[in-house]
Amino acid sequence: EEAKAFREGRPGGTFCSLLLSAAGCDALGWLDRVPRSDGKRLSEFPRPPMGSDRGPDGVETDRFCVGMRRMAAALGDTGEARPKLPWESPYAETCIHAMLIVAADRQDEVERQCQRALTRPGADGLRWLGSEHGRRRTNADGLDVEPFGYVDGLSQPKFYAQDVAAERATGGGTRVWDPAFPLSQVLVRTEEPTRETYGSFCVFRKLEQDVPGFDSSMRALADQLGLEATDRERAGAMIVGRFPDGTPLQLQSKPGMAHPPTNDFDYHSTPPAPVGGSDEGDGTRCPFHAHIRKANPRRETQRGAVLARRGMPYGAAPLAQGETEGLLFLAYMASVEHQFLELQGNWMQDPAFPRRTLEFTGSDPLLLPETNRGHEFPLAWGNASKGRVSIPRLQSFVTPRGGEYFFVPPRHWLLEARER
């Protein structure tokens with residue numbers, strides 16, 4: 001009923017969800033109830049030492065059990081360009097068992113529900129590690145935006161027929177890109193002898209964003225590319241893949257596409273072909289390194305890794321001394337290893353992805369610090385004959401401050417625990 005109310009534009013009430021890490025599942029005796037696609041039990045896998053995602057003697061481990069902190073290097077959170085792990089407390093040093101998500105239209109209702117969770121019977125055995133506070137930001141058109149000012153969440157997978165129909169009618173169509181995905185993209189069946197139940201894996205990331213640094217770098221990039229007047233906004237679009245209003249750079253060289261922005265495009269069949277060749281071969285419309293292109297190449301063979309995600313901004317300008325802003329990122333999936341780690345660990349960091357036939361495309365410049373030769377930018381939209389310019393080592397605009405892998409258990413697991 002709450003989901004139906006939300007889709008109809010009515011208040012959906014207060015939302016509460018309890019998520020458990022592998023350590024939390026283990027503490028409750030539920031670790032072997034968490035499903036794996038190969039049917040193995042999670043307790044069969046060894047726990048690796050801190051700083052490693054492998055067990056003793058290099059034995060394979062389950063990535064959910066490993067946890068995010070042990071995988072910091074594989075995620076790009078630490079490495080050559082970021083030698084010291086920049087995580088905050090409690091994520092940097094504490095074993096987190098659970099996360100409670102509370103969402104409502106009113107802040108006082110969120111606070112009331114959190115207080116209720118802390119004072120209810122049995123809560124005296126819990127140790128509250130901390131809290132994060134997010135709040136929606138919208139632009140003049142009422143669309144959600146993240147702290148850099150870009151419309152966020154436009155290419156979500158759709159799981160219900162009415163949502164697919166709505167995108168076909170009002171979201172620019174579905175002729176090129178099919179937004180419909182099966183529920184198996186986000187749900188995984190749990191092994192229950194008497195009932196059919198499902199859970200979902202969730203990735204939480206706290207991502208601090210350097211808004212002044214981003215804005216300054218985009219102005220400098222526009223200068224280096226010789227962009228003038230209204231073309232200057234294309235500098236940021238070549239990093240993100242869309243203009244701030246959501247217009248896809250793949251479709252046009254300036255913002256201003258009809259509201260709401262379309263999601264009906266890909267990078268290899270969108271007409272008309274650019275001047276001087278196919279964009280799939282030269283990336284002169286939307287560069288291969290652009291964030292939305294690295295995160296979703298929009299090829300049929302790569303649909304299995306697409307995530308259902310939601311970013312909630314935290315902090316708000318003007319910031320007081322010592323305050324920060326950024327995104328509280330949540331993504332739901334059927335497999336941490338085959339979805340989130342494929343995107344974050346492979347696609348975004350691989351300088352040869354998505355076009356391995358090219359010598360170089362670069363890692364995701366929005367999320368990851370560059371350690372090699374930088375990125376190449378076309379001097380003219382859709383025209384390879386105008387050439388490119390190489391920009392070495394853009395500064396890092398996003399700093400990971402913590403996170404964890406979680407499992408959202410079926411509701412009846414929680415009811416069972418309450419009855420113990």
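Colleague: In this predicted model, which residue is the bridge partner of Phe204 in E9?

Modeller: Strand E9 spans residues 398-408 and pairs with E4 in the antiparallel sense over ten bridges. In E9, the bridge partner of Phe204 is Glu404.

Colleague: Which residue is the bridge partner of Phe204 in E6?

Modeller: E4 is joined to strand E6, residues 326-333, by eight bridges, and the two run antiparallel. In E6, Phe204 has as its bridge partner Leu330.

Colleague: Which residue in E4 stands opposite Val188?

Modeller: Strand E3, residues 188-190, runs antiparallel to E4, and three bridges join them. The two strands form a hairpin with six residues between them. Opposite Val188, in E4, stands Gly199.

Colleague: How many of the 13 residues of strand E4 are buried?

Modeller: A residue is called buried when its relative accessible area is under 20%. Strand E4 covers residues 197-209 and is largely enclosed by the rest of the structure, because the number of its 13 residues that are buried is twelve.

Colleague: Is Leu100 buried, partly exposed or exposed?

Modeller: Leu100 lies in strand E2, residues 98-103. With Leu18, Leu118 and Trp128, Leu100 makes a nonpolar surface patch of about 320 Å². Partly exposed covers the range between under 20% and over 50%. The relative accessibility of Leu100 is 32%, so Leu100 counts as partly exposed.

Colleague: Is Arg411 buried or exposed?

Modeller: Arg411 is found in helix H11, residues 411-419, and forms a positive surface patch with Arg116, Arg120 and Arg418. Exposed means over 50% relative accessible area. Arg411 has a relative accessibility of 64%, so Arg411 counts as exposed.

Colleague: Is Arg298 buried or exposed?

Modeller: Arg298 is found in the loop between helix H9 (291-295) and strand E5 (308-314). Arg298 has a positive phi of about 60° although it is not a glycine, and most residues other than glycine have a negative phi. The relative accessible area of Arg298 is 5%, so Arg298 is buried.

Colleague: Is Ala229 buried or exposed?

Modeller: Ala229, too, is not a glycine, and its phi is positive, about 50°. The loop that holds Ala229 lies between helix H6 (211-224) and helix H7 (234-240). At 66% relative accessibility, Ala229 counts as exposed.

Colleague: Which residue does a cis peptide bond join to Phe353?

Modeller: Most peptide bonds are trans. Here omega is about 10°. The partner lies in the loop between helix H10 (336-347) and strand E7 (375-378). The residue joined to Phe353 is Pro354.

How values were computed: Residues numbered from 1 in each chain as written. Predicted model: local features only at pLDDT ≥ 70, side-chain atom pairs only at ≥ 80, totals over all residues. Heavy atoms only, no water. Buried < 20%, exposed > 50% of the residue type's maximum accessible area, 1.4 Å probe, protein only. Helix = DSSP H or I, 4+ residues; strand = E, 2+ residues; numbered from the N terminus. Pairing = 2+ DSSP bridges. Patch = residues over 30% accessible without salt bridge, like charges linked within 9 Å, V, L, I, M, F, W, Y side chains within 5 Å. Areas by Shrake-Rupley, 256 points an atom, 1.4 Å probe, with all protein chains shown as cover. Salt bridge = Lys/Arg side-chain N within 4 Å of Asp/Glu carboxyl O. Lys, Arg positive; Asp, Glu negative; His and termini not counted. Charge placed at Lys NZ, Arg CZ, Asp CG, Glu CD.
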